[in-house]
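Visitor: I'd like a close look at a single part of this structure, please. Pick one spot where helices meet, and tell me how confident the predictor is.

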Amino acid sequence: MSDWARVSAILERGLDLPPAERDEFFSREAGGDAAMLEELRALARSYDRAEAAAFISEPLAAAEPDLVLNTLYPGQRIGAYEILEEAGRGGMGVVYRARDTRLGRDVAVKCVAEGASAPQRARLEHEARMAARLSHPAIATVYALEERESTAGFGETQLFLISEFVRGETLRAVLARGPLARTDLDRYAQAIAGGLAAAHAEGVAHGDLKPENVIAGAGGAVKILDFGLAELRRGTAPVAPVEALAGTPGYMAPEQLRGQPPDPRADVFAFGVLLFEMTTGRHPFAGDRGAMLEAALSSRAAYDTPDLPAGVAAIVRRCLSPDPAARFASGADVVAALGAGAPPPADGPAPTARSLRWFLVHQRVVSALAAAMPVVMWIARPAFGRPWGSLLFLLTLAGATVVVALRLNVDFVAREHPADLRRHLHAVGRRLWMAELALDTCVLGSGLALADRLDWAAAVLFGSGIASIISLSVIEPATTRAALRTLSPRQPKQ
Amino acid sequence: MARPPNPEIEALLPAVYEELRRLASSYLRRERDAQSLQPTALVHEVYLRLLHDKPMVFQNRAHFCAIAATVMRRILVERARARHALKRGGVAPRVTLDESLAPDKTAERSIDVEALDQALERLEAIDPARARIVELRYFGGLSVEETAAELDMSPATVKRHWAVARAWLARELR
């Protein structure tokens, strides 16, 4: 392009001049060509911007060294392992999928860069030793730690951690598609808490639990990875911490942020963040890194939100407590809380016959009241005139049938399976509430319509409607609380 | 992957390796915390990449550098693409605390490597000589003097060409 040849030649000379003289130079060189002058000016502005921002002033590999950390190439062999592909990159190294040619299975090979610093090597060794203590279906099994002379020669050695390869995706990738379905949520939460419980039982705290470190296997397995920041504790004294302060903002417990080494309660905190994310698809501490840190430190979390079911909210709240002593003590306690169904025992034990007394009375009285409505409507039917009387009667009958059926069902569960009452109310509560509200609205409206036509029926319907609404909004929550022996069944305040 | 080794390339490898090692160290010379990252990692990779690629005969050092810079460009762009894909997945990098509290250096300095690579391809179409300077300097890590020696130009010419190429690329990436 001869045009560009001219522009670039003029620009080259212009950029050599002091900025003040450039414009005059460009005008002179461009002659009357306005388009060329404009292009010269635009490029000169771009040049100034590039200078100011140090645009490509450093070689790429120097500006972004993590681009060159990768050290293995597909097809390369490390002992019996043939590298197949890069499977992921973590904070400290790269993970490859490799083939164990002796045993004929795929393995994960994690390595730090050739010539890695001593702390990086120490961390990989530490990770291997920590994970090797553990044997649990939710923890990726470590097979070996291998060291070999680098192919590059120069007397360097490279360290490889060989472990179970889990085909699948990280929990982070799963979460990118939104919150988990209820059944998945239970399965994931149970598996992760179970893995933590096993680690804690061995005295190992993970220290860096986050969605990137949980793999959702293609076969349904859920595995915790990366014990690189794990802490081993015997009694209360930490043994051989690798690094004073490391972790991932947004998942670190407040005490971890203040510099304490991770312990099981710090893992419980991270689990709380994970549980919130799995339930809602959002992170509980909104905002950028700084805001996240601040929120975690003050535990000013947005976890009291309507999209969190009451049972999960209670577990999350307990996990995210800024005071470690107020959290579950270890993964085992979390497992127990999760196992008790969506609403955790931490919120209250199973109801007893005594605590259920008023709850049952309430259910039966309200059922009887609902059953009486269609009867009154049937008698009052002629006063509405045709066809309204019949229609309103049928509507009331339908509403009353639904309400009575659901209430009898609740009554049955409360008497026969009191331990399931919490879960059952969580499942049907909303439907019952809507059906009853619809019935009450219908009855109240009918009462108003009958005023001055059939006053006794108007009074009965109107009064029952009001009573039923009060019962729904005030009395029922109270009897439910008494039955479940909790402070509050829905969205308790902090 | 399982391509039979090419004897010609194998014979050249020690020389290639030494050359790449030199080239790679110029990459990292200016890097502040380079002590954890030695040039061998990159060199090693370029070496392997050359080993696996089509038969090539390096006529001379300049020829070798030309190929090496191109290979490095390809590796780095692929890496950047892979990293970008990971970031889209929302990976939260693990950091030590003081790092996390410092302003995010990479965010403000970080460059869209894929976009730059594509812009450079467009520059190649209209101005191969200046594009080549960018490839050698930015992807190959050569200094002005080294670039001048490779291209048989004066350092002053390289500098002037470089300035224009930067202006053009900065406008493209705006």
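Guide: What follows starts at one pair of packed helices and then moves outward.

This is a predicted model, where local features need pLDDT of at least 70 and side-chain atom pairs 80 or more, while totals for chains, interfaces and linings use all residues. Residues are numbered from 1 along each chain as written, with chains lettered from A and ligands numbered from 1 in written order.

Let's begin with helix α7 (residues 182–201) and helix α12 (residues 331–339), both in chain A, which pack at about 150° with their axes 7 Å apart (axes are fitted to C-alpha atoms, for helices over the stretch in contact; angles run 0 to 180 degrees between N-to-C directions). The two helices are therefore roughly antiparallel (over 145 degrees). Their crossing is left-handed (the near helix turned anticlockwise from the far one by less than a right angle; clockwise is right-handed).

On the α7(A) side, the meeting residues are A:A189, A:Q190, A:A193, A:G194, A:L196, A:A197, A:A199, A:H200 and A:A201. Facing them in α12(A) are A:G331, A:A332, A:V334, A:V335 and A:L338 (contact: C-beta atoms, placed from the backbone, within 7 Å). By type, that contact divides into ten nonpolar residues, four polar and no charged (nonpolar: Ala, Val, Leu, Ile, Met, Phe, Trp, Tyr, Cys, Pro; charged: Asp, Glu, Lys, Arg; polar: the others, Gly among them).

Now look at α12(A) by itself. A:G331, A:D333, A:V334, A:V335, A:A337 and A:L338 are buried there (20 or more other C-beta atoms within 10 Å; exposed is 12 or fewer, partly exposed in between). The buried residues of α12(A) pack against α7 and also against α9 (264–280) and α11 (310–319) of chain A.

Stepping back, chain A has 16 helices and 13 strands (DSSP runs numbered from the N terminus: H or I, at least four residues; E, at least two). Of its 494 residues, 44% are buried. Counting contacts in chain A with a separation of 6 or more, 64% join residues 24 or more positions apart.

A:L40, in helix α3 (residues 34–52) of chain A, is a handy example of a residue with such surroundings. A:L40 counts as buried because it has 25 C-beta neighbours inside 10 Å. Leaving out residues up to four places away in sequence, A:L40 touches A:V7, A:I10, A:L11, A:G14, A:F26 and A:A30. A:F26 is 14 residues from A:L40 along the chain, and their C-alpha atoms are 6.9 Å apart.

As for confidence, chain A has a mean pLDDT of 80, and 80% of its residues reach 70 or more (pLDDT is the predictor's confidence in each residue, 0 to 100). Among the elements of chain A, α3(A) has the highest mean, 92, and strand β12 (residues 237–239) the lowest, 42. The stretch 234–244 of chain A falls below 50, with 16 contacts in the model beyond near neighbours in sequence. Residues 487–494 of chain A also stay under 50, with eleven contacts beyond four places in sequence.

Chain B averages 67, and 45% of its residues score at least 70. Its confidence is highest in α9(B), at a mean of 95, and lowest in helix α4 (residues 97–101), at 35. For the complex, the predictor gives an ipTM of 0.70 and a pTM of 0.50.

Key. Two residues are in contact if their C-beta atoms, placed from the backbone, lie within 7 Å. Angles under 35 degrees count as roughly parallel, over 145 as roughly antiparallel, 65 to 115 as roughly perpendicular and the rest as oblique.
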